[in-house]
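Student: Hi, have you got a few minutes to go through a model with me? I'd like to get a feel for one of the chains before lunch.

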Amino acid sequence: MSAVIDDHGHADHAHGPAKGLMRWVLTTNHKDIGTLYLWFAFCMFLLGGSFAMVIRAELFQPGLQIVEPAFFNQMTTMHGLVMVFGAVMPAFVGLANWMIPLMIGAPDMALPRMNNFSFWLLPAAFLLLVSTLFTPGGGPNFGWTFYAPLSTTYAPESVTYFIFAIHLMGISSIMGAINVIATILNLRAPGMTLMKMPLFVWTWLITAFLLIAVMPVLAGCVTMMLMDIHFGTSFFSAAGGGDPVLFQHVFWFFGHPEVYIMILPAFGAVSQIIPTFSRKPLFGYTSMVYATASIAFLSFIVWAHHMFVVGIPLVGELFFMYATMLIAVPTGVKVFNWASTMWQGSLTFETPMLFAVAFVILFSIGGFSGLMLAIAPADFQYQDTYFVVAHFHYVLVPGAIFGIFASAYYWLPKWTGHMYDETLGKLHFWLSFVGMNLTFFPMHFVGLAGMPRRIPDYNLQFADFNMVSSIGAFMFGATQIFFLFIVIKTIRGGAPAPAKPWDGAEGLEWSVPSPAPYHTFTTPPEVK
Amino acid sequence: MADSISLKKLVTRLLGVVVAMFVFGFALVPLYDVMCKAFGINGKTAGQYEGEQVVDQSRQVRVQFLSTNNIDMPWEFYPKHDELTANPGAVNEMIFVARNPTDRPMSAQAVPSIAPSEAAAYFHKTECFCFTQQVLQPGQQIEMPVRFIVDRDMPKDVKHLTLSYTLFDITARHPPVAANTGG
């Protein structure tokens with residue numbers, strides 16, 4: 001009897017996935033879990049995007065038309081939380097799950113069962129978070145940065161749900177990061193030395209270290225909130241001897257590395273894609289690795305540039321100003337390396353390359369507005385205006401999101417076994433590119449002119465630019481439904497993809513057939 | 001390459017980092033106090049006065065007083081005078097007045113702040129109503145003193161200090177005990 005069962009289990013293991021829905025619930029296969037992460041991230045991207053549509057619809061004209069201010073606050077908060085923790089981070093974890101074992105010649109992630117658990121925590125966390133919108137007091141309304149005392153003394157009842165949701169997301173991210181580090185450090189194929197690893201693997205290794213360093217601090221931060229709200233402590237309450245400014249320090253100690261957690265894997269993906277379509281090896285591989293590590297290190301000592309106006313001492317402002325500007329140096333190294341990789345290359349502009357090139361240009365614009373914000377005296381004017389909104393959307397949308405789109409198009413043939421429709425892909429790119437710039441570029445101007453963020457109404461002089469922003473946002477939003485269509489079309493059919501669909505591509509992932517078999521590298525490949 | 005012993009070791013170490021960083025998050029709380037003290041921000045003034053007990057008649061510093069009620073705090077709360085002129089080394093006193101206009105006993109806590117922050121390390125309070133909590137019965141009014149010494153070593157370019165108090169309603173946290181007038 002037991003022999004029969006063993007036989008059965010063995011047969012399943014050797015020949016492919018289990019049948020039915022339980023395959024996805026119980027799977028420990030890195031490709032299945034990667035797929036789950038990517039679909040989950042895309043669902044959250046659409047959900048967070050629909051919140052953004054509500055915001056832009058309300059801001060289409062001055063005055064209050066569509067939603068109550070209280071609900072508007074919930075929309076800005078939930079848009080930020082869902083996009084950061086639900087869309088961008090899980091999408092990169094999904095890419096890591098799919099690609100890291102393939103890129104380093106490992107049969108799977110090092111801790112496959114934990115991998116399953118870290119994914120399935122996420123739907124639970126977001127169910128908890130989104131359910132708060134339907135509670136009597138409404139959902140979180142204090143901004144995605146949930147500053148105390150807005151999120152403690154003056155928070156809606158549902159804040160406790162929010163805190164537990166953050167705890168679950170944090171546990172999920174930490175387990176995911178431990179898994180990535182264990183996989184990269186322990187499961188590399190023979191001959192794959194650290195300095196031979198593809199850059200996507202390198203940037204993820206560094207990102208994973210950032211995650212295990214700062215997610216526990218976020219967990220501590222929300223735990224302190226929980227204790228202030230329910231157990232009578234006064235971490236953030238001045239009346240009891242605490243300090244709300246302390247909250248901002250603890251939050252941004254997590255928050256600043258967090259923004260690099262969202263961009264470093266995109267740096268890695270772009271560093272895979274640009275050499276492929278330039279048909280040249282990446283310029284300055286070693287400097288890319290060191291630049292990434294420097295950015296990660298610097299991210300820990302710049303957090304107070306988010307709080308120049310709270311009243312930190314002059315010497316502190318100067319330190320955080322110069323440390324922040326220092327980040328431009330390793331980032332500049334990266335941008336110049338990407339440009340040098342393209343220099344005199346045999347360039348072609350397939351969809352992944354279009355997204356990657358747009359990434360380099362538009363991310364640099366976001367970087368430059370970041371430098372403007374880093375100037376402490378100037379920041380007093382920019383603080384809490386739409387200029388800040390323009391800045392971080394320029395680094396997150398054409399940065400993180402375009403990096404994810406580029407990766408998706410680049411590796412879709414490997415995942416599905418079909419080529420995506422190049423014409424549709426290019427259309428998706430151009431609609432996204434135009435929509436995104438229409439949305440966020442005018443925000444620089446209204447921000448510099450003094451339009452405050454997170455307010456559902458505005459003065460008449462901002463009306464035209466806001467209407468342009470809203471039109472761009474509707475365009476960008478609708479375009480992403482089109483992306484869903486392209487992906488489904490690619491899954492269901494299309495030209496069969498060869499093992500290596502891009503003639504300039506390098507790396508172990510292209511040595512396995514397309515679509516990648518359920519089990520790959522069960523015997524490690526030899527890397528020379 | 002994947003020998004399970006080293007995997008176990010690695011994961012244990014990484015979990016150690018996670019725990020350490022969780023603890024570090026809480027360690028930021030006392031660390032923040034230390035930094036505030038070092039930089040003189042957040043109302044952290046200097047401790048006991050240990051300088052010369054001699055009044056510096058050659059120099060005068062204007063000390064301004066501000067009082068603010070935190071949101072929803074109904075008490076009347078104000079200094080008797082907006083400012084005074086202090087000689088470094090001398091003991092000065094200012095009386096703050098608080099009155100509970102409501103019909104229920106309430107407790108309050110005043111939280112100080114001082115500007116400019118460079119001067120905080122040279123400002124010594126010998127007595128302050130912010131050291132304790134105040135309990136007022138309905139309609140009761142009290143006068144609360146703050147005594148301070150401006151340090152003789154305070155940088156010469158500081159000619160003007162502002163001492164500000166924000167009054168918080170802490171009735172929910174510390175229910176007032178009847179007949180305790182506090183002080």
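Student: What radius of gyration does chain B have, next to a compact globule of 183 residues?

Tutor: Happy to help. Keep in mind that this is a predicted model. Chain B comes out at 23 Å, while a compact globule of 183 residues would be near 16 Å. Along the principal axes, the C-alpha atoms fill a box of roughly 75 × 50 × 25 Å.

Student: And how many residues of chain B count as buried, as a percentage?

Tutor: The buried share is 28% of the 183 residues of chain B.

Student: OK, what about secondary structure: how many helices and strands are in chain B?

Tutor: Chain B has 1 helix and 9 strands. Reading from the N terminus, the order is α-β-β-β-β-β-β-β-β-β, with the helix ahead of the strands.

Student: Which strands make up the open sheet of 5 strands, and in what order?

Tutor: In chain B the order is β3-β1-β9-β5-β7, and the pairing is mixed. At the edges sit β3 (83-86) and β7 (134-136) of chain B, each pairing on one side only. On average, neighbouring strands in this sheet are turned by 30 degrees against each other, direction ignored.

Student: Let's start at the β3 edge. How many bridges join β1 to β3 in chain B?

Tutor: There are 4 bridges between strand β1 (residues 61-69) of chain B and β3(B), and the two run antiparallel. If you want a pair to click on, V63(B) has L84(B) in β3(B) as its bridge partner.

Student: Now β5 of chain B. Why is that strand described as largely enclosed?

Tutor: Strand β5 (residues 106-115) of chain B has 8 buried residues out of 10, so the rest of the structure largely encloses it. On one side, β5(B) is joined to strand β9 (residues 160-169) of chain B by 8 bridges, running antiparallel. One of the pairs there is P112(B) with Y165(B) in β9(B).

Student: And how many bridges link β5(B) to β7(B)?

Tutor: That pairing has 3 bridges, and it is antiparallel as well. Look for A108(B), which stands opposite Q134(B) in β7(B).

Student: What share of the contacts in chain B, counting a separation of 6 or more, is between residues 24 or more positions apart?

Tutor: Those residues account for 78% of such contacts.

Student: Switching topic: how many residues of chain A and chain B are in contact with each other?

Tutor: 29 residues of chain A contact 27 residues of chain B. On the chain A side, α6 (159-186), α7 (199-230) and α8 (244-261) each supply at least two residues. The largest share comes from α7(A), with 7 residues.

Student: What kinds of residues does chain A put on that side, by class?

Tutor: The side of chain A that touches chain B has 21 nonpolar, 6 polar and 2 charged residues.

Student: Last thing, confidence. What pLDDT does chain B average?

Tutor: The average for chain B is 86, and 92% of the residues score at least 70. For the complex, the predictor gives an ipTM of 0.90 and a pTM of 0.91.

Student: Where in chain B is the pLDDT below 50?

Tutor: That applies over residues 179-183 of chain B, a stretch with 10 contacts in the model beyond near neighbours in sequence. Where pLDDT is low, predicted coordinates should not be read in detail.

Technical notes:
Residues numbered from 1 in each chain as written. Chains lettered and ligands numbered in written order. Predicted model: local features only at pLDDT ≥ 70, side-chain atom pairs only at ≥ 80, totals over all residues. Rg over C-alpha atoms; globule rule 2.2 N^0.38 Å. Buried ≥ 20, exposed ≤ 12 C-beta atoms within 10 Å, placed from the backbone. Contact = placed C-beta atoms within 7 Å. Nonpolar A, V, L, I, M, F, W, Y, C, P; charged D, E, K, R; others polar. Pairing = 2+ DSSP bridges. Axes fitted to C-alpha atoms, helices over the stretch in contact; angles between N-to-C directions. pLDDT = per-residue confidence, 0-100.
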